[in-house]
Amino acid sequence: QVRLAESGGGSVQAGGSLRLSCAASGYGYSTYCMGWFRQAPGKEREALATIYPGGSKTWYADIVKGRFTISQDNAKNMLYLQMNSLKIEDSAMYYCSAERPYGGTLCLMTAGQLALDAWGQGTLVTVSS
């Protein structure tokens, strides 16, 4: 069972940057799909970025492509989300997540699957003008 804890949220002005971190603990972390989601008040939780087991591939939602970068440090069991060129509409609670790949290779979180194996408690990002 993987357990996740996010940090790094805060307040930033539009155009600024933040780096979110997610500390993972538990057995088998490196075999999971790892991802970042966000949820703004009154909106559905949406997938932003995924890194496949072993870091072989990454996926980004169109809304963050070119601005956000997902990465991981397996030696430290850490997942990161570097967020640049932040916009007011990026304000939300950000969550990291873990998913055992379906069939050993597919990360269903990229298709918006929310029934995942683990979630963190979230970290709040507020972007102001």
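## Contacts of Leu-81 and the setting of strand 9

In this predicted model, Leu-81 is in contact with Leu-18, Arg-19, Leu-20, Trp-36, Ala-49, Phe-68, Thr-69, Ile-70 and Tyr-94, when neighbours within four places in sequence are left aside. Leu-81 also belongs to the largest nonpolar core, which has 31 residues, and together with Leu-4, Leu-79, Met-83 and Tyr-94 it touches the most other members. At least two residues of this core come from each of strand 3 (18–25), strand 4, strand 5 (46–51), strand 7 (68–73), strand 8 (78–83), strand 9 and strand 11. Another core lies apart from it and has seven residues, including Cys-33, Phe-37, Ala-47 and Cys-107.

Strand 9 deserves a closer description. Seven of the eight residues of this strand, which spans residues 92–99, are buried, and it is therefore largely enclosed by the rest of the structure. Its pairings, with one bridge from each, are set out below.

| Partner of strand 9 | Sense | Bridges | One bridge pair |
|---|---|---|---|
| Strand 4 (residues 33–39) | antiparallel | seven | Trp-36 with Cys-96 |
| Strand 11 (residues 123–128) | antiparallel | three | Tyr-94 with Thr-123 |
| Strand 10 (residues 118–119) | antiparallel | two | Ser-97 with Trp-119 |

Two residues link these pairings to the contacts described at the start. Trp-36, whose bridge partner in strand 9 is Cys-96, is in contact with Leu-81. Tyr-94, whose bridge partner in strand 11 is Thr-123, is likewise in contact with Leu-81, and Tyr-94 is among the residues of the largest nonpolar core that touch the most other members.

Definitions and conventions
Residues are numbered from 1 along each chain as its sequence is written. This is a predicted model: local features need pLDDT of at least 70, side-chain atom pairs count only at pLDDT 80 or more; totals for chains, interfaces and linings use all residues. Side-chain values use heavy atoms; hydrogens and water are left out. Buried means under 20% relative accessible area, exposed over 50%, partly exposed in between (1.4 Å probe, protein chains only). Helices (H or I, at least four residues) and strands (E, at least two) are DSSP runs, numbered from the N terminus. Two strands pair if DSSP finds at least two bridges between them. A nonpolar core is a set of buried Ala, Val, Leu, Ile, Met, Phe, Trp, Tyr and Cys residues joined through side-chain atoms within 4.5 Å. Contact means heavy atoms within 4.5 Å.
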